Amino acid sequence: MHEDDRLAGPDDAIPGRRSVDHELPNLHEDQSRSRRRADRMAGATSGRNVVMGLAVTTGRIGAATGRLVLFPARVLVRSPLAGPLRGRAESLAQTGRSAGVDARRRLETVADGVLAAPEAEHVVDGVFAGALPEAVARSLIEHRVVERVVAEVLASGELEREITSAREAERMERLVAQVMASPGLERVLADALDSRLTLDLTDRMVRSPAFKRALTQVVSSPELRAALKGQSMSFADELVTGIRRRLRRLDDVVERGPRRWFRRPARPEAAPSGELSVPYAGIATRGVALAFDAALVTMIFLTGTAVLGLVVSLVWNPGPASIVGTVIAVAGLLVEVAYFAGFWSTAGQTPGMRLMHLRVVDGAGSRPSFGRSLVRVLGLALAILFLFTGFLPVLIDDRRRALQDFLAGTIVVYDDNGSGGD
């Protein structure tokens, strides 16, 4: 035992123990102070929560009460009876929107006027002439704004990818242009085309059954035939269509004078869309069609007569010339009657009238019978024998009928479907 410990009496306090006993009351005070602070915070928190809960509950009760009170009003607004009110409300809303747009426009106008004023220009000049631009530039430099923006752009990798793609695209275009312009490529292609291997492959492909079948299918296809027919007939079709259009206009022109002389009303003008003024065929188109039919009948008769005379001359020498002439005349008449009457009664057209897109019909709109066609052939012969005066009524008649039409009770109409008549 230490000498100081032996000399201390029983009532003497130990120094370490004295410090502990001195600190204990302070510790108890701190603990009690902390508990009181915690109790006050808990009480404050609890009070705040109570107030918050009371406010929320009161708000919910008020909202429910408001919905219950406004329920009849909502039902009334949604009902058909409130339609005029809604329309009035929409009108007021539209007026409010128009006023808002007008206000914004006025504000823009005022702003434009303010910015365009000389005073605004002086203010801007004064701002840029002061210390503000220099302060902004100094701030940008001190805070290294440009460096940070550039670093962010470089770190994103987008700039590098764009530059790389642009460089690669330019390089590829230059490479392709150099290859296509190089004489080496031309020599390589020429050597490949002139090579024996290419010729053998081409010859083998041409002789192959598959190539022959494909070529046969292409050549025999209806599409190719239609294309060739269209190419070969396009010029003729355009020529005939142009002639037909001009002849139809001539039908209207040549009859204006005679109708005015005989005090007949003028024909209506053709529509701008190309529609016909009247459906009845005029003298110009009918005359061209008749000339075409006459040439065709003459060609048929001469060819038939020549062939028949050549055959008959092999076994029999014809008699007097007068008899031969009479026989030829009768044969020619029969050919003409058979030509016109046969075409009119069977198809309602002759080849010449079909070319001009004309049709001959009876009073019911049908093709004439064979008997009516024979009467029409007789009337056509009379119209021609009297120096073509039988065609003059076409110029003044409302339905453009000639002598043969009056005798047979027929009319000639335009037919753009491709059929026609004399």
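The protein exposes about 31500 Å², and 66% of that comes from carbon and sulfur atoms. Keep in mind that this is a predicted model. Here are some exercises to help you find your way around.

**Exercise 1: Get an overview.** Find how many helices and strands there are in the protein, and what share of its residues is buried.

*Solution.* Start with the elements: there are 17 helices and two strands. Next comes burial: of the 422 residues, 18% are buried. Finish with the contacts: among those with a separation of 6 or more, 73% link residues 24 or more positions apart.

**Exercise 2: Place L224.** Work out which helix holds L224, and whether L224 is buried, exposed or partly exposed.

*Solution.* Look along residues 222-254: that stretch is helix 11, and L224 is in it. Now check the relative accessible area of L224, which is 30%. Buried means under 20% and exposed means over 50%, so L224, at 30%, is partly exposed. Last, set aside the neighbours within four places in sequence, and you'll find L224 in contact with V218 and V219.

**Exercise 3: Compare two helix directions.** Decide how helix 9 lies relative to helix 10, and say which residues meet there.

*Solution.* Take helix 9 (residues 196-207) and helix 10 (residues 209-219): their axes come within 5 Å and cross at roughly 60°. That makes helix 9 oblique to helix 10. On the helix 9 side you have M205, V206 and R207, which meet P209, F211 and K212 of helix 10. Sorted by class, this contact has four nonpolar, two charged and no polar residues.

**Exercise 4: Follow the salt bridges.** Say which parts the E255 and R400 pair ties together, then do likewise for R376 and D405.

*Solution.* A bit of background: side chains of opposite charge can pair when their charged atoms come close. The structure holds eight salt bridges. In one of them, the side chains of E255 and R400 meet at 2.8 Å, N to O. E255 sits in the loop between helix 11 and helix 12, and R400 in the loop between helix 16 and helix 17, so this pair ties together parts 145 residues apart in sequence. E255 is buried at 1% relative accessible area, and R400 is buried at 0%.

Now for R376 and D405, whose closest N and O atoms are 2.8 Å apart. R376 lies in helix 16 and D405 in helix 17, so the pair ties together parts 29 residues apart in sequence. R376 counts as buried at 1%, and D405 is buried at 1% too. To round things off, salt bridges with shared partners join D252, E255 and R400 into one network.

Notes: Residues are numbered from 1 along each chain as its sequence is written. This is a predicted model: local features need pLDDT of at least 70, side-chain atom pairs count only at pLDDT 80 or more; totals for chains, interfaces and linings use all residues. Side-chain values use heavy atoms; hydrogens and water are left out. Helices (H or I, at least four residues) and strands (E, at least two) are DSSP runs, numbered from the N terminus. Buried means under 20% relative accessible area, exposed over 50%, partly exposed in between (1.4 Å probe, protein chains only). Contact means heavy atoms within 4.5 Å. Accessible areas come from the Shrake-Rupley method with a 1.4 Å probe; for residues, only the protein chains shown count as cover. Axes are lines fitted to C-alpha atoms, for helices over the stretch in contact, and angles run from 0 to 180 degrees between N-to-C directions. Angles under 35 degrees count as roughly parallel, over 145 as roughly antiparallel, 65 to 115 as roughly perpendicular and the rest as oblique. Ala, Val, Leu, Ile, Met, Phe, Trp, Tyr, Cys and Pro count as nonpolar, Asp, Glu, Lys and Arg as charged, and the others, Gly among them, as polar. A salt bridge is a side-chain nitrogen of Lys or Arg within 4 Å of a carboxyl oxygen of Asp or Glu.
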